Amino acid sequence: MSEPNKANIRKWVKALRSGKFLQVRGTLRGERKDGEVGYCCLGVGHKVAGIDDRWEAGTFVPAASEFFGIESHDPQLWQRNGAERSASSMNDAGCKFTTIADAIERTYLPKPRRKSPSAQKGKGR
């Protein structure tokens with residue numbers, strides 16, 4: 001597989017932050033206690049990828065992995081502390097979608113590091 005598809009990953013991150021999806025644990029898509037349909041973070045990814053008929057898998061189906069350009073069916077995501085954790089384990093441990101979206105960005109959409117003001121002193125002289 002080639003490079004991650006950053007445009008599609010941005011769509012996934014946006015969907016996770018949108019508030020349009022209720023969250024469930026232990027399944028890509030399932031009924032919540034309140035009777036509403038919810039999704040795990042990978043289930044939201046399936047929706048973004050246009051995959052509406054493959055809910056029995058507990059991880060990304062190959063078509064979802066290909067859509068995002070991610071080799072893993074359960075992506076390992078960078079945590080703030082530098083450790084890696086799978087997307088499904090974050091979801092099933094109760095991490096909010098916004099926290100998972102942050103980890104997806106940290107892993108696949110890293111922001112360029114800016115130089116500190118002290119490192120820029122002396123430039124332009």
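**Reading two helices in a predicted model**

Tutor: In helix 1, Asn8, Ile9, Trp12, Val13, Ala15 and Leu16 are buried. Buried means under 20% relative accessible area, with a 1.4 Å probe and protein chains only. Helices are DSSP runs (H or I, at least four residues), strands are E runs of at least two, and both are numbered from the N terminus.

Student: Where do the buried residues of helix 1 lie around the axis?

Tutor: They cover an arc of only 160 degrees, so they sit on the same side of helix 1. The arc is taken from the directions that run from the helix axis to the C-beta atoms.

Student: Before we go on, what kind of model is this?

Tutor: It is a predicted model, where local features need pLDDT of at least 70, side-chain atom pairs count only at pLDDT 80 or more, and totals for chains, interfaces and linings use all residues. Residues are numbered from 1 along each chain as its sequence is written, and side-chain values use heavy atoms, without hydrogens and water.

Student: What covers the buried residues of helix 1?

Tutor: Contact means heavy atoms within 4.5 Å. The cover includes helix 2 (41-48), helix 3 (62-68) and helix 5 (97-108).

Student: Which residues of helix 5 are buried?

Tutor: Phe97, Ile100, Ala101, Ala103, Ile104, Thr107 and Tyr108. Down the axis, the buried residues of helix 5 fall within an arc of 160 degrees, so they line one face. They pack against helix 1, strand 2 (37-39), helix 2, strand 3 (76-78) and helix 4 (87-92).

Student: What follows helix 1?

Tutor: Just after helix 1, glycine 19 has a positive phi of about 80 degrees.

Technical notes:
Buried < 20%, exposed > 50% of the residue type's maximum accessible area, 1.4 Å probe, protein only.
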